[in-house]
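Okay, thanks for making time, everybody. I'd like to walk through this one piece by piece, so have a look at the screen first.

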Amino acid sequence: MNTALETLRRDFGGDLIGPDDAGYAAAGRSLLVPGSPALVLRPKTVADARAGVRFAAAAGLPLSVRGGGHGFAGFATNDGGVVLDLAHLAQVEIVDERRHLVRVGGGATWGQVADALAPHGLAISSGDTRSVGVGGLTLGGGIGWKVRKYGLALDSLVAAEVVTAAGDVVRASAEENPELFWALRGGGGNFGVVTAFVFAGHPTTDVFHGTITFPAAEAATVLQGWAEHLRTAPEELTSVADFANPFAGGPQAPVQVHVAFDGDDPRLAARAIDPLRRLGTVTGDGVELRPYAETLVEGLVPPPGIRLVTRSGFAGAQAVPEVLRVLVAA
Ligand SMILES: Cc1cc2nc3c(=O)[nH]c(=O)nc-3n(C[C@H](O)[C@H](O)[C@H](O)COP(=O)(O)OP(=O)(O)OC[C@H]3O[C@@H](n4cnc5c(N)ncnc54)[C@H](O)[C@@H]3O)c2cc1C
């Protein structure tokens, strides 16, 4: 361990934060899970990231990789091991204007990406929250406000720069290391440390975005109609609905239908969104034309004592009405 630490101190040019250092409490934890790692490493270069991986291997310590630290399972921290926090590797750079190729550091957040791309009229279909990491979201899939038109975030991934468990740097794309490229797109953080992603960005205008609200008592009809409309709605329309939100009154919470229409033509937007407005008694309608970057919100920090747990599943087209009926009844 001592020799490994000496080598690390020699080769590593980033931040090295141990339990006795200022800032350890914040550096040690991920958003939802407290941790007590032996060491948090914040690399500033790819060479630093390699040194961090090699150190953990040489010292025989568990290694956690952190992008934005928003993973629900808490894999971005550990107890007694090493955390490689990629927060400094957050540069966003357009590398090919014609093909809209964007290189994004492995520790960038979606807020940083949206802000950097806005002046270029580009966006990447990504999460709905500024502080969520590009790393965990992309490697696991990535649903965003343009998902029905452009697919998951990983569908826009063109290449990745990866530090392997052996500490080597490789590039993965359709041409180079194609099997690794395949595995990165959905395999989560299991196949190496991604120090940079290359995405194909999408030209974007301002978008119609906001929330339409209905009374809780109308949940059954609103949700059935919402699901039915999305079967045939234009792909420019992406929508998420929530109800019985525990932070907004539980069973009494209003039904919220969040919409994003990818385009700035009011006539086309209204044609796509108006059928949703007719599903019930609209008690609020905040849909407005706004810059894409403004559709991303600040993240929810759960109140103390509340641990967020998520479950997800797919429902086949035939099953949707019954799934919604059971959820509303529950
Ligand atoms: C408030 C909130 C809002 C969300 N909204 C959305 C949403 O709109 N759409 C959506 O699809 N998901 C959403 N999610 C889920 C989110 O995509 C996942 O939790 C994701 O894992 C977070 O990524 P992260 O980099 O922030 O997390 P982390 O906890 O840092 O990482 C998650 C996993 O990915 C690995 N990892 C991260 N970066 C790298 C990297 N560069 N190289 C290798 N491995 C890496 C980590 O080791 C870990 O195993 C949301 C989550 C929260 C908490």
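Before the angles come up: axes here are lines fitted to C-alpha atoms, for helices over the stretch in contact, and angles run from 0 to 180 degrees between N-to-C directions. Contact means heavy atoms within 4.5 Å. Helices (H or I, at least four residues) and strands (E, at least two) are DSSP runs, numbered from the N terminus.

Now the small print. This is a predicted model, where local features need pLDDT of at least 70, side-chain atom pairs count only at pLDDT 80 or more, and totals for chains, interfaces and linings use all residues. Residues are numbered from 1 along each chain as its sequence is written, and side-chain values use heavy atoms, with hydrogens and water left out.

Right, the layout. The protein chain splits into domain 1 (2-85), domain 2 (92-203) and domain 3 (207-304 + 315-329), with bounds that come from an automatic or database domain assignment.

Let's start at helix α1, residues 2-11. Which of its residues are buried? That would be A4, L5 and L8, where buried means under 20% relative accessible area, exposed over 50%, and partly exposed in between (1.4 Å probe, protein chains only). They span an arc of only 100° around the axis, so they sit on the same side of α1; that arc is taken from the directions from the helix axis to the C-beta atoms. On the face turned away from there you get the exposed residues N2, T3, E6, R9 and R10. As for what covers the buried ones, that includes β1 (15-17), β2 (39-42) and α3 (46-59).

Hang on to α3, since it shows up again: α3 lies across β8 (157-163), β9 and β10 (193-200), at about 55° to β8.

Those strands belong to an open sheet of 5 strands, ordered β5-β6-β10-β8-β9, with antiparallel pairing; two strands pair if DSSP finds at least two bridges between them. β5 (92-96) and β9 (169-173) are at the edges with a single partner strand each, so one side of each has no neighbour in the sheet. On average, neighbouring strands here are turned by 20° against each other, direction ignored. At the β5 end, 4 bridges join β5 to β6 (residues 101-105), running antiparallel, and D96 has L101 in β6 as its bridge partner. Helix α4 (residues 110-117) lies across β5, β6 and β10, at about 50° to β5.

Next, how do domain 2 and domain 3 meet? Their C-alpha centres are 27 Å apart, and 20 residues of domain 2 touch 20 residues of domain 3. Between them they bury about 1700 Å², 55% of it on carbon and sulfur atoms. Buried area here is the accessible area (1.4 Å probe) that two parts lose on being put together, summed over both. W145, R148 and K149 supply 52% of what domain 2 buries against domain 3, more than any other three residues.

W145 also takes us to H209, in strand β12 (residues 207-214). H209 is at 11% relative accessibility, so it counts as buried. Beyond its neighbours within four places in sequence, H209 contacts W145, V259, A260, G286, V287, E288, R290 and T295.

Last stop, β14 (residues 255-261): 6 of its 7 residues are buried, so this strand is largely enclosed by the rest of the structure. β12 runs antiparallel to β14 over 7 bridges, with T213 opposite Q256. β13 (residues 237-242) pairs with β14 too, antiparallel over 6 bridges, and there A241 has V257 as its bridge partner.
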